[in-house]
Amino acid sequence: MSFKTFKGGVHPGHFKSATEKKPVVPAKPPTVAIIPMSQHIGAPCEPLVAVGDEVKVGQKVGDSKGFVSAPVHSSVSGKVVKIDMCNHPLGRPVQAVFIENDFQDTWHEDVKPNEDWKNLGVDELKKIIRETGIVGMGGATFPTHVKVSPPPDQKIDYVLINAAECEPYLTSDHRAMLERPEDVVIGLQTVMKIVNAPKGYIGIEDNKPDAVEAMKKAAEGIDNIEVHALHTKYPQGAEKQLISVFTGREVPSGGLPSMVGCVVQNVGTCIAISEAIRLGKPLIERNVTITGSGINEPKNMLVRVGTPMEEVIEQCGGFKPNIRKMVLGGPMMGLAQSGPENQPVIKGTSGILCLTDAEVVLDEIRPCIKCAKCVEACPVSIMPLFIGGSVEHGMYDKAEAYNAMDCIECGCCTYICPAKRPLVQWIRMAKGDIAAKRRK
């Protein structure tokens, strides 16, 4: 079967050679785990513990009554030493539970294997996914139990696994497919069972032939799952683009994939689902790529949620002297940070990218020359130049009329702009303003 590619997109350098052949290694457990109460899209959690409480690995320490939310768990055993604010990748402080590690790794009694996991019912599977705090691990952190609970009138035909890892520098999903392909398949089969989907696809960019072969071998003999190599182009792994490539269907403006009969999951999410249903294990650790020319020893690491980034970076040899910028995620969609201080790895931390002076150039923002390169590159067919121009002049209503809310913030427009205009940043500002007005 051959697949067409999606409209638009760009071809940034891969920059994956520093870590793509390095196996995932366990990071050291944190001395003090910082567990933020907001690690997902939706309602933040409220602490379930108090200062002085003894907690165990896998114990739920925060939860919310909101449907669009996900509980958080301790990644260490030890004592709660404080409940205070910590830094968050979005640039705002959030409440967190600080747990002093006793280094005993005593697991909570509720964490136990499901010997009959293959025969679990749909409602049981949904409950496990919710109670183990699983969220989308590609970066969006949408609660997975919500994603696998589409409205009854929306029949799901396909479950698609985003295994593209199209962001430059990041290799944690690539390594996961090489090292744990069976878990990816189990996670996919579980989601297919929950949503009653007859077909599953795993899409991997064709610059990862070893991952394609590993996943094909893991899915061998399973008739309703297909593994395909897709054209290497950014943002191949974006939800709507993956749906377009595999099914030819188009998610409507403001709509969700379930409206066109699709559910999309990430490689890391599938592994977390497999661990949850088989082992009863909550989402307390994840693969993280620590890379960039500003880091001494780039690595792929299995890091416990709540580990301070300073400790993770130290285990990679620390920063180089000419470090200039730290980005959480990849360079296209990641968020620049003020630094690693008082900031933990969370469920959505796919990468820690460290760049040097030579790579970070602050170009002068010049007037738009109407070349339309941003329009050609935009994978969702909006006009970034007009949205950006509207925001630049404070005309947010006009930005909304140009469909700013349809932007997936992939960064293609900013990457391709010869005038070096910060288009995606302006569009984010517009979306924030529009969302705030709609909430009133």
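Visitor: What do the buried residues of α1 pack against?
Guide: They pack against β5, α2 (144-147), α4 (181-195) and α7 (267-279). Contact means heavy atoms within 4.5 Å. This is a predicted model, with local features needing pLDDT of at least 70 and side-chain atom pairs pLDDT 80 or more, while totals for chains, interfaces and linings use all residues. Residues are numbered from 1 along each chain as its sequence is written, and side-chain values use heavy atoms, without hydrogens and water.

Visitor: Which residues of helix α1 are called buried, and why?
Guide: In α1 (residues 122-131), they are L125, I128, I129 and R130. The word means under 20% relative accessible area with a 1.4 Å probe and protein chains only, so each of these falls below that cut-off.

Visitor: What makes α1 a helix?
Guide: A helix is a DSSP run of H or I with at least four residues, a strand a run of E with at least two, and both are numbered from the N terminus. α1 covers residues 122-131, so it qualifies.

Visitor: How do you know that β5 and β6 pair?
Guide: Pairing needs at least two DSSP bridges. Strand β5 (residues 60-63) and β6 share two, in the antiparallel sense, so they count as a pair. G62 stands opposite V72 in β6.

Visitor: What sheet do these strands belong to?
Guide: An open one of three strands, in the order β3-β5-β6, paired antiparallel.

Visitor: Why are β3 and β6 called edges?
Guide: β3 (46-47) and β6 (72-73) each have a single partner strand, so one side of each lacks a neighbour in the sheet.

Technical notes:
Buried means under 20% relative accessible area, exposed over 50%, partly exposed in between (1.4 Å probe, protein chains only).
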